[in-house]
Amino acid sequence: MVKSGGHILVGLSGGADSVCLLVLLKCLQKEYNLKLYVVHINHGIRAEASLDADYVKGLCEEYGVPFYLFEEDIPALSKKMGMSEEEAGRTFRYKAFAKVAGNVGAGKIVTAHHLADQAETVLFHLVRGTNLSGMAGIRPVSEWEQNEKNMSAFEGTGTLRIIRPLLCVTKEEIVDYLHSQNVEWREDVTNQDDAYMRNRLRNQILPKLCEINDGALEHIAEFARCAAQHQAYFDKAVKIYMTEHVRNGQKPGEEMCMINREQLLVQDEVLARAVIYEMIAGVCGGKKDLTKEHVQAVFDLAGRQSGR
């Protein structure tokens with residue numbers, strides 16, 4: 001995840017997870033010769049958010065880590081941009097990360113997602129409807145690429161490499177570690193608000209699953225790891241097939257791509273659908289709002305007789 005001499009940007013909310021992450025990185029800083037920077041986001045949702053920012057600033061001063069504060073009225077921004085508050089908040093966070101990373105030369109963004117977050121995400125995707133990629137949950141290492149829609153709303157450009165070193169760690173281990181180090185943290189009261197689906201999963205469903213099997217979280221996380229491996233293998237096969245069989249438009253600015261449909265339709269259906277999905281995404285310039293219904297429509301069209 002990191003190399004010696006790396007510049008690392010830490011997303012620090014002030015909660016137990018991110019505080020634990022900062023403490024651990026400070027312990028490893030000398031060994032890995034790391035340069036650490038902290039970004040804190042005030043989303044303008046909770047009245048006590050300014051107190052969180054003050055706490056994080058004080059912790060950074062104590063540890064000698066540069067501190068960057070960003071503030072935004074996320075509820076108002078979500079309405080303006082036609083996004084959910086969760087999506088607007090996430091986009092703003094990573095835009096802030098991108099801006100600071102560019103200014104300080106940080107190559108990695110590190111976040112404090114842990115084992116329960118992984119299990120929660122897999123279940124969240126499952127109940128909302130997903131595919132194998134969604135069942136892979138949160139990747140230990142991933143990239144966040146800005147698109148035209150969010151680039152028009154926020155500053156910053158480019159692709160960010162995100163690393164999550166606590167993804168195999170339980171919440172209990174995080175809390176126990178902080179107690180052992182005599183480190184305090186801030187509690188976000190909205191985490192107990194079961195009006196949000198993710199909170200209901202975290203507060204109601206996951207504890208029930210752990211009552212059924214003590215290793216439920218670990219087993220879900222292991223399933224996610226296997227799903228990610230299978231998805232990576234499949235993605236490679238799709239890429240190879242497209243390289244061999246898909247042709248793009250020849251004229252500048254020509255938004256089209258072509259494939260021999262007879263040759264495509266003799267492939268396994270799962271491969272054919274994946275190729276169609278990638279072709280549509282290539283023409284549209286992204287995958288946002290692209291659903292299985294769109295893929296199904298093109299797949300059905302490809303199977304019809306010419307002229308029909």
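**Close-up 1. Helix 5 (residues 115-128) and how far it reaches in this predicted model.** Start with the length check: helix 5 has 14 residues, and at 1.5 Å a residue they should span 20 Å. The C-alpha atoms at its ends sit 20 Å apart, so the expected span and the modelled one agree. Just past the helix comes G129, with a positive phi of about 100°.

**Close-up 2. What surrounds helix 5.** Of the 14 residues in helix 5, 10 are buried, so the rest of the structure largely encloses this helix. The buried ones are L115, A116, D117, Q118, A119, E120, T121, V122, L123 and F124. And what do the buried residues of helix 5 pack against? Their neighbours are helix 6 (132-135), helix 9 (197-212) and helix 10 (216-245).

**Close-up 3. Strands 2 and 3, with a helix on the way.** Here strand 2 (residues 35-42) lines up with strand 3 (residues 67-71) in the parallel sense, and 5 bridges join the pair. To get from strand 2 to strand 3, the chain goes through helix 2 (residues 49-63), making a right-handed β-α-β crossover. For a spot to zoom in on, try V39: its bridge partner in strand 3 is Y68. While you're looking at side chains, keep in mind that in a regular strand they alternate between the two faces of the sheet.

**Close-up 4. An aromatic pair in helix 4 (residues 85-104).** Searching the whole structure turns up 1 aromatic pair. That pair is Y94 with F97, arranged edge-to-face, with 5.4 Å from centre to centre and 75° between the planes. Y94 and F97 are 3 residues apart in helix 4, so about one helical turn separates them. Buried or exposed? Y94 counts as buried at 9% relative accessibility, and F97 is buried too, with a relative accessible area of 4%.

**Close-up 5. Cysteines without a disulfide.** How many disulfides does the model have? The count is 0. Take C60: the nearest cysteine sulfur belongs to C20, and it is 15 Å away. A disulfide would need the two sulfurs within 2.5 Å. C60 is also buried, with a relative accessible area of 1%. For C168, the closest cysteine sulfur is again in C20, but at 11 Å that is too far for a bond. C168 counts as exposed, at 63% relative accessibility.

Methods
Residues are numbered from 1 along each chain as its sequence is written. This is a predicted model: local features need pLDDT of at least 70, side-chain atom pairs count only at pLDDT 80 or more; totals for chains, interfaces and linings use all residues. Side-chain values use heavy atoms; hydrogens and water are left out. Buried means under 20% relative accessible area, exposed over 50%, partly exposed in between (1.4 Å probe, protein chains only). Two strands pair if DSSP finds at least two bridges between them. Helices (H or I, at least four residues) and strands (E, at least two) are DSSP runs, numbered from the N terminus. A crossover is right-handed if, with the strands pointing away from the viewer, the path from the first strand over the helix to the second runs clockwise. The expected span of a helix is 1.5 Å times one less than its number of residues. Contact means heavy atoms within 4.5 Å. Rings of Phe, Tyr and Trp (its six-membered ring) pair if their centres lie within 6.5 Å; planes under 30 degrees apart count as stacked, over 60 as edge-to-face and the rest as tilted.
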